[in-house]
Amino acid sequence: MGRRDAIGVSRASKQLVDMALEAVMRGDRAAVDVCLAGLRQRLDRWLVPKGDRVALLLTLSWVLIRQADPEGSDEAEATARTALGLIRGSDRARGDALACLARALLLRDPFTPGDGTLDEVVDLLHEAVELTPRDHPEREVRCRELLGQLNERFTRRRDPADIGRAIQLCRSHPELRGELPGLLRRRHTLAGDSLSRDEAAEVEASLVRDPLGASAIQAQRTGTVRDLEAYAAALGRAAEAAPYQTRGTDRPRHDLYATHAQVLADLFARAPHRLELLDEAIASQHEAIASADRDHTVRVDPYDLAQSMRDLLPAVVSGTKEGGGVWRHPARAAHLSNLAIQLLERHNRTGDEASLVEAEEALTESLAALPADDAQRGKILLNLSTVLHTRHRHARDPDLLRSSVACTREAAHSEFDTPVQQLETYALWGQRAAEAGAWQDAAEGHREAVARLSQVVPRHLHPSDQEERLSPYFGLASDATACALQAGSPAAALRVLEQGRGILHAHALDARDDLSAVRAADPRLATRLETVRRDLDALREAPSGPAEEAAVDRRHRLGEEWREAVARARRLPGLEDFLTAPGERRLRAATSDGPVVVVNVSRHRCDALVITGGGPADVAVVRLPRLRVREAAEQADRFHQAVRTANSPAGSLVERLTAQAEIRAILVWLWETVCGPVVEHLEQSAGWSDGPRRVWWSPTGALTRLPLHAAGDHTVTDVDPRPAVLDRVVSSYAPSLRVLGAAATAPVMRPARRLLTVALADTPGYPDLPTADEEAAVPRRLFSEGKTLTGDAASRSRVLRELHTSSWAHFACHAVTEPHAPSTSHLVLHDGPLTITEISRLRLDDAAFAYLSACGTGLGGHRLPNEALHVGAVFHLAGFSDVVASLWPLADDFAIRAAKEFYRNAASPGHPGALALHTALHALRDPMNPSVWAGLLHIGRG
């Protein structure tokens, strides 16, 4: 046996290894074949030392991989596995063998490796990276290979956990830091996490070393016309100077032109009077297409063979060959699609029909060049649908509309990068189908869109990010409901509405939902669900910022664990609707005490869904033909403006009287348009009780801002009963059926075992409330046990602590409603705000009743009306089965009178919260001045 070297390989074996490596690097195929034969011959010997055998096996596998011949993949895999089996322990050699085996597996099927193969490759590369020392020449290569396979798996499965692992990989390996901004932005796009977006900008800024990159960062940071113009100019110069055929990491000419076109289009969006910008963008996009056709060079990374094959072979498979023998670049389809978007914009701005025709031709060519399963296909179909729809608008050709619907349907069933894109495509399919009168399609498209809302707004996001992500879709559930009704399915309409509203309340309910059914079927899964949601809640409460990278990453990982655990629970027998919209059993619980009236406001149609028993047959539809979306919003705006004027001491007497008249007129409109038809339907229905007639109102859209319980003409005296809700039914409100159903198991309103009273007559930074102490004394006279917090004792921490031990609560203080950021609405305590986000996290098992004598505690935000994000609703969510709140600020003297009247009635036997408030409002009603009393409302079951 020959002399051995320092690492345990004989000199003869090492010489053969070196010869093979040199032959591969020279590209000398004859020499490679000779070396392959030599390697196989030496391995066939019986007495080959272990060290030699491992080195020879790995070299043979590596040489086979570098030949890029799939026929050699089985031998490459077998030799790599044999080498791996000979290595004991976790050392550098094992890392080499693992990396070699991963590449051999990819050689077998480099285009679309099976899911099992892809998972094994990821695991192999992950361990290989862990075992590769920092000074290893292939460390960066292996890190990038792992990053590439994580990206590949994410593209295939859309599992955000792979993006999380990729981010972790880039954080722990400085050589990959340049990839971190793109991954962070991808996570922001997926989950709406603003912290990831901010961190991406910071990391990117620290990486910039060239003028083009600096211009890009500046433009992304500021978005100003000046900085975008500078970036566009830099891109134009770089594109003109770039060669047609690039190598290594140089940015391709066609990509520079495409980015130049996009930046010019962004500039045009900010300066639409400068049509020359759009023309220049179109010209650049044409250059991108032409440059892509000429950039068909094969770029082979000498290390990352599998990735190089991925770059090369799709160009051959998906390309088309013209007479001159030019292979079409795989980026051509995307460039054609972007060109079509810019041509469509030019048509919209100028009416140029030729641009519209060219856009359709570009998209048709783009689709023809793509395989049926290409990931870009959905986006291009979507663009073609828009072009066809634009042509329909001009020509009024129903065939064009039907073609547009068909394109959108096909696009909706394609794969998209993010849940947001998938949701918006399904929603667009529903909208286009509704326009065509294809109501079954419209209902299906909207239903699928609503089903993805929870993915767009995962529970691990910060509340402000959740609001931002949800706000574009505030009317989606109502439109889905209207389409289901048009398709003839009231039960499906109710289900989709419940699934698509109260999303943020549902997250809070998920955090406290009973896991006993899961525990009975799978105790370990129930324990896992409890642990994950506890950890998630703890992270949501912790302060966070761009510097807290570990906390942000952990929150995303926990979010994925929660999603996977919930999916597992729903696969258990009988738990298919676990943490979903209420099924029949929950609906029966929600409607056990009386009818719930869900008023749906949609551009397609408006209806009241009257639920009386919880089953599909118990959903009656009352058409509201006079109700219109725009009119409802206008009436709500006028109503609140009139209330402000009527209650303002600064207004003149004439102004206040005129405002009261406006309020009375809108209340009459509300009766005639919405409440009257519903009450008349209920009065004609069999089984309507002879006692106090209870109704739970659950409005949507702009109607959430109006007092349905006060609708009617209160000045009529010669009709009995009056045409007014207050004279016909006892009203309560329900944020959603799921919230109301959850309250069915909470304690009903009963004499308080312990009363908490919070009275703040003097709050730093706010006007005095001189009657707060007097008002707070009213409930204290009725109950012997309790705690009163005033002044600096009424702190946030003290109030939260006392709420846990109190069954009744009365607040006489200021409140702030934030219409455009409702999750920040709050009660004003002595040392700061107590936000609805904090209140919603409470779980008050002994809570029964809360009286919130504070400004606007029953009024939600304009931006998310169907979420019922207001103080009253979250007190109900936290555990108070009964809540009295207000839609607008109450006058001090009326607040005292209302409290006295309410508590006098509540102390009487048989007067639960809703009836006590109903009776009080009857006594306090001033027909000519409804702004004084109509704002008080009841939320809950009592």
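1. A quick definition to begin with: two strands count as paired if DSSP finds at least two bridges between them. Keep that in mind as you look at this predicted model. Strand β10 (residues 826–829) and β11 meet this with four bridges, and they pair in the antiparallel sense. To see one such bridge for yourself, find V828, whose partner in β11 is P833.

2. Now for the sheet around that pair. β9, β10 and β11 form an open sheet of three strands in that order, with antiparallel pairing. Its edges are β9 (815–816) and β11 (832–835), each of which pairs on one side only. Helix α35 (residues 796–803) lies across β10 and β11, and it runs at about 35 degrees to β11.

3. Next, the aromatic rings: the structure holds twelve aromatic pairs. One of them is F811 with F875, an edge-to-face pair because the ring centres are 5.5 Å apart and the planes stand at 70 degrees. F811 belongs to strand β8 (residues 808–812) and F875 to helix α37 (residues 871–878), so this pair ties together parts that are 64 residues apart in sequence. F811 is buried, at 0% relative accessible area, and F875 is buried too, at 1%.

4. How are the rings of F849 and F902 arranged? They are stacked, because their planes are at 15 degrees and their centres 5.2 Å apart. F849 sits in strand β12 (residues 849–853) and F902 in helix α38 (residues 892–906), so the pair links distant parts of the chain, 53 residues apart. F849 is buried, with a relative accessible area of 0%, and F902 is buried with 0% as well.

5. Finally, look for a wider group: F849 and F902 form one aromatic cluster with W808, Y851 and Y903.

Key
Residues are numbered from 1 along each chain as its sequence is written. This is a predicted model: local features need pLDDT of at least 70, side-chain atom pairs count only at pLDDT 80 or more; totals for chains, interfaces and linings use all residues. Side-chain values use heavy atoms; hydrogens and water are left out. Helices (H or I, at least four residues) and strands (E, at least two) are DSSP runs, numbered from the N terminus. Contact means heavy atoms within 4.5 Å. Axes are lines fitted to C-alpha atoms, for helices over the stretch in contact, and angles run from 0 to 180 degrees between N-to-C directions. Rings of Phe, Tyr and Trp (its six-membered ring) pair if their centres lie within 6.5 Å; planes under 30 degrees apart count as stacked, over 60 as edge-to-face and the rest as tilted. Buried means under 20% relative accessible area, exposed over 50%, partly exposed in between (1.4 Å probe, protein chains only).
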